[in-house]
Amino acid sequence: MSEGGRGGVTIVDVARAAQVSTATASRALGGYGRISAATRERILAVADDLGYRPNDLARAVRVGRSSTIGLVVTDLANPFFAQATRAVVDTASALGHEVLIANTGEDAAAERRAVRVFVEKRVCGLVVVPAAGADHDHLFRPDGRPHLPLVLLDRRLPGRSAATVISDDLGAAREAVGLLAGRGHTAIGMIDGNSTVPGVARDAPAGLVSAAADRVEGFLAGLRDAGLEARRDWMLYATAAEPGAAEEAALTLLGSPDRPTAVVANNSDVALAVVMACNRLGLAIGRDVSLIGFDDASWTRAFTPAISVVARPVAGLGEAAVRELAAQIGGRPAASEPIVLPNRLVDRPSAAPRR
């Protein structure tokens, strides 16, 4: 398979103009093999002058991989993953990579299909947000090593040897509870919206993704720090698959006379559901119920009062994942410890002193 460029310019034309062999031109343009820096720069300059653009498919067949990376996310409609995807694409582009994107909808079979297709397309590495509840064997060889350079984004896979980029959600949830307790709240509830179990549950479901599990652990740690009781009836888990489940959980939590005076919502969808439930129940955010959510969605600043949030470094997570992957593609061993970026607690009027 020959390599052709824009306007019919081929690698042979580049080699002839640069007065080198076709093999030397191929190494320079493909970024592989031994060649002096001066020769590579001269060949690249000639290729640019001629308007040569490599045929990526031909190059993938020749060297065994392309310059493309695969990105697998669970929900592109989620603002967090939409922003993270933008950061992945922008960073990859700056590093000379294209990105193929697959959306799994938290479905393990869809994740397996996406990974298989990406491998068949000879991508040079993968950034994956692992689907909840899957075994993920398709990402790893029998010896436990990834099939390709691999970075897990936003979620850990316990017991798996893979580079991981996450935010400090445990510490952030702990800090959020501490802020509420410091303002006199002794009755603090929590709603998680990442459950794979249908409806609303009072017990943490098996297979809760690591980010959600960290927030629950941080919530409980914050209560312990403040000497407060963790009440089972004030900790609810709503499925992400049913649009009304989070609001049902909020109505259940806040509809009783014996309700908490403050709530930590473990994602922005749940925070919005709490606002909607308060409207239906005639409760005022910041007066009757204080609220802190996760992720600084644009709508949180539009409400009166504005909603306090744990702002996660979304763009930073996407960028760090791509840079870690690029390092692996370049031959560096995968990071052995999770890359953990700090979150930021944004204090707004919704987290008011207890009345």
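Which residues make a nonpolar surface patch of about 200 Å²? In this predicted model, the patch is made by L76, V89 and I101. One of these residues, I101, is found in strand β2, which spans residues 98-103. I101 has a relative accessibility of 40%. Buried residues lie under 20% and exposed residues over 50%, so I101 counts as partly exposed.

The interior was examined next. The largest nonpolar core has 30 residues. Within this core, L254, V274 and L291 have the most contacts. Five elements are listed as giving two or more residues each: β8 (235-239), α9 (245-254), β9 (262-265), α10 (268-281) and β11 (308-311). Helix α10 gives the largest share, seven residues. The surroundings of L254 were then traced, leaving aside neighbours within four places in sequence. L254 is in contact with R259, P260 and V263. Its further contacts are V274, C278, L281, L283 and V289. V274 thus appears both as a contact of L254 and among the residues with the most contacts inside the core. A second core is separate from this one and has 24 residues. Among them are L71, C124, V127 and I329.

The strands β8, β9 and β11, named above as giving residues to the largest core, also belong to an open sheet of seven strands. The strand order is β7-β8-β6-β9-β10-β11-β13. Pairing in this sheet is mixed. Strands β7 (200-201) and β13 stand at the edges. Each has a single partner strand, so one side of each is left without a neighbour in the sheet.

Strand β11 shows both senses of pairing. With β10 (residues 290-294), β11 pairs in the parallel sense over three bridges. Here I292 stands opposite S308 of β11. With β13 (residues 344-346), β11 pairs in the antiparallel sense, again over three bridges. On this side V309 stands opposite V346 of β13.

The side chains of β11 were also considered. S308 and V310 point one way from the strand. V309 and A311 point the other way. All four residues are buried. S308 is therefore under the 20% limit for relative accessible area, whereas I101 of β2, at 40%, is partly exposed.

Methods
Residues numbered from 1 in each chain as written. Predicted model: local features only at pLDDT ≥ 70, side-chain atom pairs only at ≥ 80, totals over all residues. Heavy atoms only, no water. Core = buried A, V, L, I, M, F, W, Y, C linked by side-chain atoms within 4.5 Å. Buried < 20%, exposed > 50% of the residue type's maximum accessible area, 1.4 Å probe, protein only. Contact = heavy atoms within 4.5 Å. Patch = residues over 30% accessible without salt bridge, like charges linked within 9 Å, V, L, I, M, F, W, Y side chains within 5 Å. Areas by Shrake-Rupley, 256 points an atom, 1.4 Å probe, with all protein chains shown as cover. Salt bridge = Lys/Arg side-chain N within 4 Å of Asp/Glu carboxyl O. Pairing = 2+ DSSP bridges.
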